[in-house]
Amino acid sequence: MPWDRSAPHPLLRTWTAGRGLRGEGRTAVVVGSGLGADAEHLASLGFRTTGFDVAPTAVRLARERHPGSPVSYEVADLLALPAAWRGAFDLVVEVYTLGALPDPPRSDAARAVAGLVAPGGTLLAVAFRRTPATGPADGPPFPLARAEVEALATGGLEVVAVEEHDGPHWRAELHRPA
Ligand SMILES: C[S@@+](CC[C@H](N)C(=O)[O-])C[C@H]1O[C@@H](n2cnc3c(N)ncnc32)[C@H](O)[C@@H]1O
């Protein structure tokens with residue numbers, strides 16, 4: 001799998017490091033958590049962390065790869081989330097899951113990601129960036145246009161920053177007012 005990595009995504013790691021982010025007393029969730037590197041990173045910062053993935057194999061491998069981890073790895077479908085998760089997480093991290101999906105159902109999935117953010121909480125999203133060279137539909141992964149990233153600002157979420165990075169990548173930060 002091209003996304004089999006044992007270290008947090010560099011655009012997540014530099015974002016948390018740049019803020020000196022600590023998570024004690026706060027909750028985090030990693031959407032489409034795959035093999036768990038990003039969830040483990042958030043747990044190492046003190047967040048009470050959930051990682052979920054629709055693939056039972058990914059959840060099993062994440063648990064096996066991180067024995068004794070404080071992360072709660074769960075099988076769950078972004079398009080049919082437990083009601084209790086709505087607005088439940090102070091930090092929501094999404095790396096490459098939206099870009100793994102065609103549209104539909106990507107727009108519904110984006111609304112579901114936004115819906116996880118608690119009042120006062122933050123969404124950090126990392127995605128491949130569409131450029132003239134990538135074209136609109138070279139997927140999966142499907143590189144996203146800026147408008148698709150900005151469309152994460154639904155249900156009261158507000159865009160803090162949408163940054164272009166090499167890769168080419170987007171790193172987007174959104175916030176839900178308290
Ligand atoms: C490209 S991989 C990225 C994995 C991980 N975020 C990373 O960056 O290493 C996309 C992940 O999203 C998961 N996924 C796809 N559709 C999903 C859905 N509807 N709900 C939850 N997870 C989903 C896949 O099983 C896969 O683990």
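Visitor: Into how many nonpolar, polar and charged residues does the shell around the ligand divide?
Guide: This is a predicted model. Glycine is counted with the polar residues here, and Asp and Arg with the charged ones. On that basis, the shell around the ligand divides into 9 nonpolar, 3 polar and 3 charged residues.

Visitor: Which residues come nearest to the ligand?
Guide: The ligand has 15 residues around it. Of these, the ones that come nearest are Arg5, Gly32, Asp53, Asp77 and Val95.

Visitor: How many Å separate an oxygen atom of the ligand from an N or O atom in the side chain of Asp53?
Guide: A polar contact requires N or O atoms within 3.5 Å. A nitrogen atom of the ligand has such partners in the side chain of Asp77, at 2.8 Å, and a backbone N or O atom of Val54 lies 3.2 Å from a ligand nitrogen atom. For the ligand oxygen atom and the side chain of Asp53, the distance is 2.5 Å.

Visitor: What share of the area that the ligand exposes when taken alone does the protein bury?
Guide: Taken alone, the ligand exposes 600 Å². The space it takes is the largest pocket. Of the exposed area, the protein buries 88%.

Visitor: Why does the ligand lie between domain 1 and domain 2?
Guide: The protein is divided into domain 1 (22–76) and domain 2 (93–178). Their C-alpha centres lie 20 Å apart, and 7 residues of domain 1 are in contact with 6 residues of domain 2. The ligand lies between them because residues of its shell come from both domain 1 and domain 2.

How values were computed. Residues are numbered from 1 along each chain as its sequence is written. This is a predicted model: local features need pLDDT of at least 70, side-chain atom pairs count only at pLDDT 80 or more; totals for chains, interfaces and linings use all residues. Side-chain values use heavy atoms; hydrogens and water are left out. A residue is near a molecule or strand if one of its heavy atoms lies within 4 Å of it. A polar contact is a pair of N or O atoms within 3.5 Å; within protein, one must be able to donate a hydrogen and the other to accept it, and residues adjacent in sequence count only if both atoms are side-chain atoms. Accessible areas come from the Shrake-Rupley method with a 1.4 Å probe; for residues, only the protein chains shown count as cover. On a 1 Å grid over the protein atoms alone, a cavity is a set of points where a 1.4 Å probe fits but cannot get out, and a pocket is an open set with protein on both sides within 12 Å along at least five of seven lines; lining residues have an atom within 4 Å of a point. A molecule sits in a cavity or pocket if more than half of its atoms lie within 2 Å of its grid points. Domain bounds come from an automatic or database domain assignment. Contact means heavy atoms within 4.5 Å.
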